[in-house]
Amino acid sequence: MINKARINVRVRRLKAGPLSSARARFHGRRDAAGLREFLTDAAAGGTPADDGLPPYILGLRARVHRDTAGLRSRLLAAHHGLYVRIQAESVRVVTQYDERAEPAPAALARYGERVGQWRSAAAVCRQQAQQLVGDANQLIACYWDAAWRRTRRDGHVDGPRPTSWLPGEIELDHTWAHLDDSLLSDRWYAPEGAGRNADPSAVARALHILDHQAVRGGGATSGAHGR
């Protein structure tokens, strides 16, 4: 059990630079006494629940959640006009190809150019989110290294910290896995297990047409959106 009365933390910076890494190690060393049972159980193969993590780790996780949500908001705000244009043109593409059955390659090419611009911006956004996660995980590793070493020095655990043992390790959630989900706000913020193949929206259908419409020579347009 973690003695949270002995763990007082304030997360200041997320970037894993030398100062932030040193600060994470400081917190780990300072918190080690309150984590003694936690680390001893981990050394025996125990796996902690998320709600049993120390405040420093929970603070990093909350910071990453807040900052990645901010990245999404800034993407939508910075490219609002492009987003609205894609929504409108999606309806035209679906009408032209599905209802009228009259392919319009030039119009589809223009649509594809705008979608490509959005996908490029979304890819940058996802990379920034992944960097936030990577920096936070580096700080988490620094924290646990310091806590483990202090506990080992006091004779409560043996050997180095197992490299695969990183309680609280952060991963981007499933909504970041597909770039085109950023064009489908309800899907981007959807809960785990939301249906992907049954999406009835015009945008989802237009993107499918864009990526699978046959072109001259029997090929197909390639999807650059990470599906």
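Mentor: Let us begin with the words for surface and interior: a residue is exposed when its relative accessible area is over 50%, buried when that area is under 20%, and partly exposed in between. Please keep in mind throughout that the structure above is a predicted model.

Trainee: Why is Ala-101 called exposed?

Mentor: Ala-101 has a relative accessible area of 55%, and since exposed means over 50%, the value passes the cut-off and the word applies because of it. Ala-101 sits in the loop between helix 4 and helix 5, and it has a positive phi of about 55 degrees although it is not a glycine.

Trainee: Why is Ala-24 called buried?

Mentor: The relative accessible area of Ala-24 is 0%, and because buried means under 20%, that value falls on the buried side of the cut-off. Ala-24 belongs to helix 1, which covers residues 18-31.

Trainee: What makes Tyr-56, Leu-139, Cys-142 and Tyr-143 count as contacts of Ala-24?

Mentor: A contact requires heavy atoms within 4.5 Å, and Ala-24 touches each of these four residues once residues up to four places away in sequence are left out. A related value is the one for Ala-24 and Ala-141, which are 117 residues apart in sequence but 8.6 Å apart in space, C-alpha to C-alpha. For the chain as a whole, residues 24 or more positions apart account for 74% of the contacts with a separation of 6 or more.

Trainee: What elements make up the chain, from the N terminus on?

Mentor: The elements run α-α-α-α-α-α-α, that is, seven helices and zero strands. Of the 227 residues of the chain, 41% count as buried.

Trainee: How do you know how the span of helix 3 stands against the expected one?

Mentor: The expected span is 1.5 Å times one less than the number of residues; for helix 3, with its 24 residues, this comes to 34 Å, and the helix reaches 34 Å from its first C-alpha to its last, so the two are close. The buried residues of helix 3 include Tyr-56, Arg-63, Asp-67 and Leu-75.

Trainee: What makes a set of residues a nonpolar core?

Mentor: The residues must be buried, must be of the nonpolar kinds on the list for cores, and must be joined through side-chain atoms within 4.5 Å. The largest such core here has 28 residues, and Leu-75, Ile-86, Val-93, Leu-108, Tyr-111, Trp-118 and Leu-183 have the most contacts inside it. Helix 3, helix 4, helix 5 and helix 7 each supply at least two of its residues, with the largest share, nine residues, coming from helix 5. Apart from this core lies another, of 24 residues, among them Ala-42, Tyr-56, Trp-148 and Val-157. In soluble globular proteins, nonpolar side chains tend to be buried together.

Trainee: Which elements cover the buried residues of helix 7?

Mentor: The covering includes helix 4 and helix 5, and the buried residues of helix 7 include Ala-206 and Ile-209. Both Ala-206 and Ile-209 are in contact with Val-93.

Trainee: How many cavities are there, and what lines the largest one?

Mentor: The count comes to two cavities of 30 Å³ or more, and the largest has a volume of about 50 Å³, which places that cavity above the cut-off. Its lining includes Leu-75, Arg-126, His-178 and Trp-188, and the lining residues divide into six nonpolar, three polar and one charged. Helix 5 supplies the largest share of this lining, three residues.

How values were computed:
Residues numbered from 1 in each chain as written. Predicted model: local features only at pLDDT ≥ 70, side-chain atom pairs only at ≥ 80, totals over all residues. Heavy atoms only, no water. 1 Å grid on protein atoms, 1.4 Å probe; cavity = no way out; pocket = protein on both sides within 12 Å on 5 of 7 lines; lining within 4 Å. Points joined across faces, edges and corners; volume = space filled by probe spheres on them. Helix = DSSP H or I, 4+ residues; strand = E, 2+ residues; numbered from the N terminus. Nonpolar A, V, L, I, M, F, W, Y, C, P; charged D, E, K, R; others polar. Buried < 20%, exposed > 50% of the residue type's maximum accessible area, 1.4 Å probe, protein only.
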